Each structure stands twice: as C-alpha cells, then as structure tokens.
Amino acid sequence: MSKLPNITTSIFTVMSKMAAEYNAINLSQGFPNFPVDERLTDILARLTKENVHQYTPMAGYPPLMNQIAKLIQNSYNRTINPDRELLVTAGATQGIFTTILALIKTGDEVVILDPSYDSYESPVLLCNAKPVRVALNDDYTPNWETIEKACSLKTKMIIINNPHNPTGKILTENDFLELEKLLSKYPDLLVLSDEVYEYITFEEKHISAHTKDFLLNRCIMVSSFGKSFHITGWKIGYTVAPEYLMKEIKKVHQFLVFSVNSISQFAISEYLDVVDVNLLGKFYQEKRDYFQKLLQNSRFELKPCEGTYFQVASYATISDDDDVTFCKKLITDHGVAAIPISTFYSDHKDQKLIRFCFAKDSFTLESAAKKLCDI
C-alpha cells in the first residue's frame, strides 16, 4: 500500500525526458548549462588528490560552517553560532524534507502557498500531517487574509519561498509585517523559509528572513550552493535554525544522510574566499533581459520576473490547449521544453501560463527564442 498514492513522477522529470527523446532545447528543468567558475573547478581538481574523501562531521565540515556563518554575517548582518544553528545538507530539498520530518507530527497542518515547489507536500504527507494549499493572488502576491483564514491551532508551519519559484516574485516589507501579525496570533506557528535563489534578484533587493528579528527564534532558513554557484548536481545546501529546532533537525539528518559529500564541502569552503555572491544578481539580470529581448517579437506575453532564473509566459493568444498539453506540443512540434504552471497548484489551476529557465548560455537562449518566435 502506497504512502503517497497521489504522488506521480515529477513534471520536471517528465518534461526533461521528453526533451531528450525529441532532441528539444530544454528550458524546463532549472539547471544552468554554462561552465562552472574555473576558480571552483581548479580547487576541485587539486583537492581530488588530497585527503578529503572520508566522512566529514555529521553537521558539516567545520571550516565550511564557519565560512557560511561569515557569509550570513556579510549578507544579512546576522550572527549565528555554526555549531548550534547550522546544518550542511545534501541540497536544499534534503534540508526541507529533513526539517519537516523532524518538526511536523501526525495531525499537524502545514500551509503551502501555491503555485509551489513540488517537494513541499510529500514530507508533510509522510508525517501523517495535512498540507493546506493556499493560492497566491493572480499577480503572485500573498493574500494574507486568505492565509490567516487557512490557519488554526493545528497549523504548525507555513512555508514561504522567496524569491519565488516558479513565478520570480519576491516578498515585500509589507509581506513580512503581515507575517509578523500572523505569528503573533499563533505562537506555536513556525516558518520554513526557502531562500535558494536569495542572491538572484534584480531591480528590487531580496529581503531575507535572516534580517527579521521576530523570525529568528521561529524560522528555519534553507539555502542552496547548487543554485548560487551553478552546481546543481553537487546537491549541497545548508539550513539555519535556532538551537532548539536544530537539535531536532539534526536527529533526523544523522539517520537520513549522516554527512554530506566531503569533497564538495572542502571545495566550497575555499571558493567562498574568492567568490562574490553579490555579482550573481547582475549576471542573471543580464540573462533575463537578453531572453526577454529575444522574445519581444514572439506571441508570448512575458510576466514580471523580479528574481530566480525563471521566466513565466502566457500563451493565451497562441492556443486554447491546457498548459500541460501545450508544453508537450511545444516539445514535439517546436523543439522547446517548458514547465506548465498548473502543476504547481493542488487544483491544477490552468491560466495558460508556462515557465522557461533562462539559466542557459547565449546560444541556447538564441536557438530556443528563434523557435518560440516562429510559433
């Protein structure tokens, strides 16, 4: 008997598989296709011949943990204790999964804001808890009145994703004021803040949960080196939480993965001495702007993108097909893969919107745009 009877193969897997089968340009799954920084690969190459191939401590390689604490201090002016408040994880998804398994119990409720990353719901279900899916407004801003109505004494966690995948929306100061009001009404409510695209924002600056005093004792922040440094296949991220929560998270982590890939921890620890994360926003803004320029003569209507490396587009003037069907035809008939936005909703709300990943080299973006402009 299945514990997850309604969970099927991820839409990312489906679309990437179809893209490979039809030799389509893959703008669906969120991974870069350009080279990794040579400074990082040079560090990695050197380390392969050094004694770095055995288990690191369960919570993480200590020099890397100190570097992460320094990064958080420099980025958000927050001081953390790396020994008590930090955990290196096998990607952000493992950090999310581990956190939910550690802190959510049978009968609890977890508020998830749709459209949402598909990895949020499964661990909630595995805890015999209830995911409460609440739709964002049509402009992808949170409807705090609706969110509050969805909360009760059973609600133990709300998951926020900022910058937001799949829409590229970022939270505002007012959103954090509303979140503070919500937490004041529910003193046992925790916040899981998924901030894997934290360094990839454009005209408006990312506001991190790290900067909000009211959150520090009730929030688990999840970050991703894979997203920040274009090394998604390394599957390495980190989680920050107050000590009383981190103790519980570590209990699950030690029996789930115990420790994370050693050589990647050594390499990133050194790389953090030479890389400037503040340049990432400019780097991806140039890609966003270039992709938007390439599509300006297409029939797609491009939606605002404030962060992440995803561009949402409407095809309403092109086809009456539902978005899943449209994306499949986009692959088979036009040679470009995208993700249908309806799959990020619990009710599969179809607004004729799809998501492109623009974390690609110029040749790939140009080749894809040419095909898209011919539709």
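Two strands count as paired here if DSSP finds at least two bridges between them. With that in hand, here are the close-ups; please keep in mind that this is a predicted model.

**View 1. The annotated domain, from end to end.** The UniProt record, an unreviewed entry, carries the annotation "domain: Aminotransferase class I/classII large" for residues 24-372. Helix makes up 38% of this span and strand 16%. If you look for its two ends, you will find their C-alpha atoms 12 Å apart.

**View 2. Strand β5 and its two parallel partners.** Strand β5 takes in residues 155-161, and six of its seven residues are buried, so the rest of the structure largely encloses this strand. Strand β3 (residues 109-114) runs parallel to β5 and is joined to it by four bridges. To find your way along this pairing, start at Val 111, whose bridge partner in β5 is Ile 158. Strand β6 (residues 190-194) is also parallel to β5, and here five bridges make the link. A handy marker for this second pairing is Met 157, which has Leu 190 as its bridge partner in β6. Between β5 and β6 the chain passes through helix α8 (residues 173-185), giving a right-handed β-α-β crossover.

**View 3. Ser 116, in the loop that follows β3.** This serine sits in the loop between β3 and α6 (121-126). Its relative accessibility is 4%, so Ser 116 counts as buried. The side chains of Ser 116 and Arg 133 make a polar contact of 3.4 Å. Beyond its neighbours within four places in sequence, Ser 116 is in contact with Arg 133 and Phe 344.

**View 4. An open sheet of four antiparallel strands.** Reading across the sheet, the order is β9-β10-β13-β12, with antiparallel pairing. Strands β9 (301-302) and β12 (339-340) form the edges, each pairing on one side only. Five bridges connect strand β10 (residues 310-314) with strand β13 (residues 353-357), again in the antiparallel sense. Phe 310 is a good place to begin, as it stands opposite Cys 357 in β13.

**View 5. Aromatic pairs that bring distant parts of the chain together.** The structure holds 19 aromatic pairs. In one of them, the ring centres of Phe 34 and Phe 283 are 5.4 Å apart and the planes are at 75 degrees, so this pair is edge-to-face. Phe 34 belongs to the loop between β1 (25-26) and α2 (38-47) and Phe 283 to helix α12 (residues 280-294), so the pair ties together parts 249 residues apart in sequence. Phe 34 counts as buried at 11% relative accessibility, while Phe 283, at 32%, counts as partly exposed. Tyr 61 and Phe 266 offer another arrangement: their ring centres are 3.9 Å apart and their planes are at 25 degrees, so the pair is stacked. Tyr 61 lies in the loop between α2 and α3 (62-76) and Phe 266 in helix α11, so this pair ties together parts 205 residues apart in sequence. Tyr 61 is buried, with a relative accessible area of 18%, and Phe 266 counts as buried at 18% relative accessibility. Ring pairs also link Phe 34, Tyr 197, Phe 283, Tyr 284, Tyr 309 and Phe 310 into a cluster.

**View 6. Ser 262, in helix α11.** Helix α11 spans residues 262-271 and includes Ser 262. This serine counts as buried, at 10% relative accessibility. Thr 56 is 206 residues away along the chain, yet the C-alpha atoms of Ser 262 and Thr 56 are separated by 5.9 Å. Apart from neighbours within four places in sequence, Ser 262 is in contact with Val 52, His 53, Gln 54 and Thr 56.

Note on methods:
Residues numbered from 1 in each chain as written. Predicted model: local features only at pLDDT ≥ 70, side-chain atom pairs only at ≥ 80, totals over all residues. Heavy atoms only, no water. UniProt positions renumbered as here; feature names shortened; annotations may be inferred. Buried < 20%, exposed > 50% of the residue type's maximum accessible area, 1.4 Å probe, protein only. Right-handed = clockwise from strand over helix to strand, strands pointing away. Contact = heavy atoms within 4.5 Å. Polar contact = N/O pair within 3.5 Å; in protein donor to acceptor, adjacent residues only side chain to side chain. Phe/Tyr/Trp six-rings, centres within 6.5 Å; stacked < 30°, edge-to-face > 60°.
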